[in-house]
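Work through the exercises below with the sequence and the 3D structure at hand. Try each task before reading its solution.

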Amino acid sequence: MKAAVVGEKGVELRDVPKPAPGPKEVLISVRASSLNRADLLVALGHQHGSTGGAGARLGLECSGEVEAVGSEAEGIKAGDRVMASAPGGYAEYVVTDAARVHRIPGNNMTYEQAACFPVALQTMHNAVVTAGRFKRGETLLMQGASSGVGLMGMQIGKLMGASLVIGTSTNPQRRARLHEFGCDLALDTGDANWPDQVKKATGGKGVDLIVDMVSGGVANQNLEAAAVLGRIVNVGRLGGRTGEFNFDLHALKRIDYIGVTFRTRTLDEIREINRLMRADLWAAVEAGNLALPIYKTYSLDDVAEALSVMRANQHFGKIVLVVSK
């Protein structure tokens with residue numbers, strides 16, 4: 001089968017052995033795979049959790065048809081149309097744990113659409129609801145809101161009863177579209193006064209929960225924008241992995257600063273994250289109340305081009321690979 005792997009001169013397609021599912025795994029015949037920013041790190045040869053280095057297979061999520069299930073896998077059968085978080089998903093076939101596999105609802109959702117959901121759903125439910133301890137009636141700020149996970153996070157906040165959802169983007173065209181995905185107030189973090197706009201919108205209190213995909217240079221502004229006893233959940237570091245941090249303001253506001261990543265999750269933790277996500281969100285997925293825009297699709301053969309488009313950071317929503325056999 002064909003799979004995208006890290007070669008000596010960059011990402012390349014190789015013929016590799018077709019995998020077989022373990023007892024609790026599912027073998028998926030892949031129809032589409034969605035790009036994530038972590039894939040860029042792996043493509044450059046960096047380690048991402050247990051994946052990385054020469055020969056590493058790329059991809060974190062996909063959709064397709066179940067070809068085979070392990071002897072202990074439950075809830076999924078051969079022939080099911082599914083979406084899944086699946087390491088190595090840029091391939092014609094992939095195996096993943098059965099608890100990470102979800103049936104595609106109905107017949108109206110395409111494989112391309114379905115491939116966009118798994119990582120965004122599990123990441124943002126965990127960040128907003130579990131780590132962020134979000135409660136109905138609270139306010140939510142999504143820092144770096146125009147990414148796939150950011151757009152999903154705002155919708156989850158609205159679905160869970162947020163009284164105000166704020167999204168940020170430095171790009172005016174992307175910022176103008178945030179309202180389509182649950183955003184009540186779109187702010188430009190290129191404006192140094194954006195924390196004052198957050199305070200104004202919240203009656204001077206500041207925001208209850210910030211989910212941050214940027215970090216780096218916005219860390220102290222996040223502290224300014226947060227309410228006393230607010231929470232900040234660090235999901236991504238597009239603005240830098242290090243930066244200045246106002247420890248006194250952090251202490252003064254008694255802010256909970258929480259780091260999350262799937263790189264150090266155990267399989268049992270990932271199973272529980274998906275169980276909790278499904279309990280809260282799957283009815284909304286089935287009803288079509290959660291959506292992600294597809295910026296552009298590419299064939300699996302053009303994976304290097306697709307990654308270069310993501311690296312340029314000019315897209316809105318998801319970039320998808322279509323796998324044909």
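The exercises that follow concern a predicted model.

**Exercise 1. Cysteines**

Task: State how many disulfides the structure holds, and explain the case of C116.

Solution:
- Step 1. A disulfide needs two cysteine sulfur atoms within 2.5 Å.
- Step 2. For C116, the closest cysteine sulfur belongs to C62, and it lies 12 Å away. C116 forms no bond with C62 because that distance is too far.
- Step 3. The count of disulfides in the structure is zero.
- Step 4. As for surroundings, C116 has a relative accessible area of 0% and is buried. C183 is also buried, at 8% relative accessibility.

**Exercise 2. The span and setting of helix 3**

Task: Compare the reach of helix 3 with the expected value, then decide whether the helix is largely enclosed or largely open.

Solution:
- Step 1. Helix 3 covers residues 118–131, which is 14 residues.
- Step 2. At 1.5 Å a residue, 20 Å is expected.
- Step 3. From first C-alpha to last, helix 3 reaches 18 Å, which is close to that expectation.
- Step 4. Buried means under 20% relative accessible area. Of the 14 residues of helix 3, 13 are buried, so the rest of the structure largely encloses this helix.

**Exercise 3. Two helices in contact**

Task: Describe how helix 3 and helix 9 are arranged, and sort the residues of their contact by type.

Solution:
- Step 1. Two packed helices are described by the angle between their axes and the distance between the axes.
- Step 2. Helix 9 spans residues 267–286, and its axis comes within 9 Å of the axis of helix 3. The two axes cross at roughly 100°.
- Step 3. Angles from 65 to 115 degrees count as roughly perpendicular. Helix 3 and helix 9 are therefore roughly perpendicular to each other.
- Step 4. Helix 3 contributes L121, Q122, H125, N126, V129 and T130 to the contact. Helix 9 contributes I273, N274, L276, M277, D280, L281, W282 and V285.
- Step 5. Sorted by type, the contact has eight nonpolar residues, five polar and one charged.

**Exercise 4. Positive phi**

Task: Give the phi, the place and the exposure of R133, and do likewise for R254.

Solution:
- Step 1. R133 is not a glycine, yet its phi is positive, near 50°. R133 follows helix 3 and sits in the loop that leads to strand 8 (139–143).
- Step 2. With a relative accessible area of 37%, R133 is partly exposed.
- Step 3. R254, again a residue other than glycine, has a positive phi near 55°. Its loop lies between helix 8 (247–253) and strand 13 (256–259).
- Step 4. Exposed means over 50%. R254 has 52% relative accessibility and counts as exposed.

**Exercise 5. Distance in sequence and in space**

Task: Find how far apart L159 and D280 are in sequence and in space, and do so for H179 and V82.

Solution:
- Step 1. L159 lies in helix 4 (residues 148–159) and is partly exposed, at 34% relative accessible area.
- Step 2. L159 and D280 are 121 residues apart in sequence, and their C-alpha atoms are 9.5 Å apart.
- Step 3. Apart from neighbours within four places in sequence, L159 is in contact with R136, D280, L281 and A284.
- Step 4. H179 is in the loop between helix 5 (172–177) and strand 10 (185–187), and is exposed at 54% relative accessibility.
- Step 5. H179 and V82 are 97 residues apart in sequence, and 29 Å separates their C-alpha atoms.

Methods:
Residues are numbered from 1 along each chain as its sequence is written. This is a predicted model: local features need pLDDT of at least 70, side-chain atom pairs count only at pLDDT 80 or more; totals for chains, interfaces and linings use all residues. Side-chain values use heavy atoms; hydrogens and water are left out. Buried means under 20% relative accessible area, exposed over 50%, partly exposed in between (1.4 Å probe, protein chains only). Helices (H or I, at least four residues) and strands (E, at least two) are DSSP runs, numbered from the N terminus. The expected span of a helix is 1.5 Å times one less than its number of residues. Axes are lines fitted to C-alpha atoms, for helices over the stretch in contact, and angles run from 0 to 180 degrees between N-to-C directions. Angles under 35 degrees count as roughly parallel, over 145 as roughly antiparallel, 65 to 115 as roughly perpendicular and the rest as oblique. Contact means heavy atoms within 4.5 Å. Ala, Val, Leu, Ile, Met, Phe, Trp, Tyr, Cys and Pro count as nonpolar, Asp, Glu, Lys and Arg as charged, and the others, Gly among them, as polar.
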